[in-house]
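Hi,

Here is the structure I promised to pass on. Please have a look at it first, and then read my notes below.

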Amino acid sequence: RRLSKMATVIQKSWRGYLRRKHFREVVERAYFIKKLNFYNQMAVRIQKTWRGYCVRKYIHDFYALKKYLKAVSVNNELVRSELQEYAEMKEKEDKMKDLEKKEKENKYRARKMHYLLSTEQIAGIYNSPFRKSPDPMELLLRKSKPLTHRKQQVKSPFACELYDWPTCKKPPTFVTELPLLPTDRQKPQGPFRDPAEVLWQRYKPLEPTLRVAESSNSPLAKAREESRREEWRSPVHDNKFLPFSSYRKNDEKHEPLLRRSGKYGQEAYGTKHFREVYPEKWIADKDFETLFSSIVLFEKFGKTYSSTGQIV
């Protein structure tokens, strides 16, 4: 017990010493940090004071800024005055344009209604005897000339027109001769082709072609027809037809079609040919070949010009 007591006294003394030593270190560290923070705070205060003074004196000068703002206000006043003058000038121009437009309309109306002008015998509707002075329209009618009638436009004899489409009652006509160019016609300025070449392209004679179909008696067509017949006679089915097996014992019995078979065997109609052919009665050695003619309207595509000069 005495040894344990002595050991406890030694341990608590040593631990107290270590804790006091550690506490002194913590106090010294805290004091150093407090002094460092105070130093930094005072340095920041000195720096911000000096920077404020330097910026106010050399960078953001109050008097220079005041002078700049004054110059900006003067410039704004000049720009506003110029904009005001431009707006007034634009308004005057618009008014002048409106007056000119109205004057033109009045002149055109006066030329159009020139028949309402007064004569020596009969006063017009704008020159009433009950008025002290004639109407301004009457004076305008006296100054203006009557409106002339428009000349009727003559259609060009070479205008490309479609015949009665889609009825097609009239046969198409083709231009065989080119019209002569006027002597006073000049080539327009710009990257355009020669007028003679354009006129030839517009009124050149049509070259109708025949779209020849493949003959029905050619070897290739006969081979294709034979392959189609073979596929129709012996098609490939996944489910085989077993009429006499036990697979279809409960189903109905197979009855052959009347149009496919007869008393004297299977008919060839629909499997080999669809019409009777008698080669011994042919006049020529070959069978008749079918030819399909092309459509005239489609042959003109990309070869003619419209009335405006565009390629059709």
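**Helix H3 and its surroundings**

On one side of H3, Pro136 and Lys143 are exposed. The other side is where I spent my time: the buried residues there are Met137, Glu138 and Leu141. Viewed down the axis of H3, these buried residues fall within an arc of 105 degrees, so they line one face of the helix. Please keep in mind that this is a predicted model.

What do the buried residues of H3 pack against? Their partner is H2. The axes of H2 (residues 62–112) and H3 (residues 136–143) come within 9 Å and cross at roughly 70 degrees. Angles of 65 to 115 degrees count as roughly perpendicular, and H2 and H3 are therefore roughly perpendicular to each other. On the H2 side, the contact is made by Asn106, Lys107, Arg109 and Ala110, while H3 brings Met137, Leu140 and Leu141. Sorted by class, the contact of H2 with H3 has four nonpolar, one polar and two charged residues.

Two details of H3 may interest you. At the start of the helix, a side-chain oxygen of Asp135 reaches to within 2.9 Å of the backbone nitrogen of Met137. Then there is Glu138, which lies in H3. Is Glu138 buried or exposed? Its relative accessibility is 0%, so Glu138 counts as buried, the cut-off for that being under 20%. Beyond its neighbours within four places in sequence, Glu138 is in contact with Leu116, Leu117, Ser118, Tyr126 and Asn127.

**Helix H4**

I looked at H4 (residues 195–202) in the same way. Its buried residues are Pro195, Leu199 and Gln201. Seen down the axis of H4, they fall within an arc of 160 degrees, so here too the buried residues line one face of the helix.

**The protein as a whole**

Stepping back, the secondary structure comes to six helices and four strands. From the N terminus on, the elements run α-α-α-α-β-α-β-β-β-α. Of the 312 residues in the protein, 9% are buried. Among contacts with a separation of 6 or more, 55% are between residues 24 or more positions apart.

If you open the model, I would start with Glu138 in H3 and then turn to the crossing of H2 and H3. I would be glad to hear what you think.

Best wishes

Methods
Residues numbered from 1 in each chain as written. Predicted model: local features only at pLDDT ≥ 70, side-chain atom pairs only at ≥ 80, totals over all residues. Heavy atoms only, no water. Axes fitted to C-alpha atoms, helices over the stretch in contact; angles between N-to-C directions. Parallel < 35°, antiparallel > 145°, perpendicular 65-115°, else oblique. Contact = heavy atoms within 4.5 Å. Nonpolar A, V, L, I, M, F, W, Y, C, P; charged D, E, K, R; others polar. Buried < 20%, exposed > 50% of the residue type's maximum accessible area, 1.4 Å probe, protein only. Arc of directions from axis to C-beta. Polar contact = N/O pair within 3.5 Å; in protein donor to acceptor, adjacent residues only side chain to side chain.
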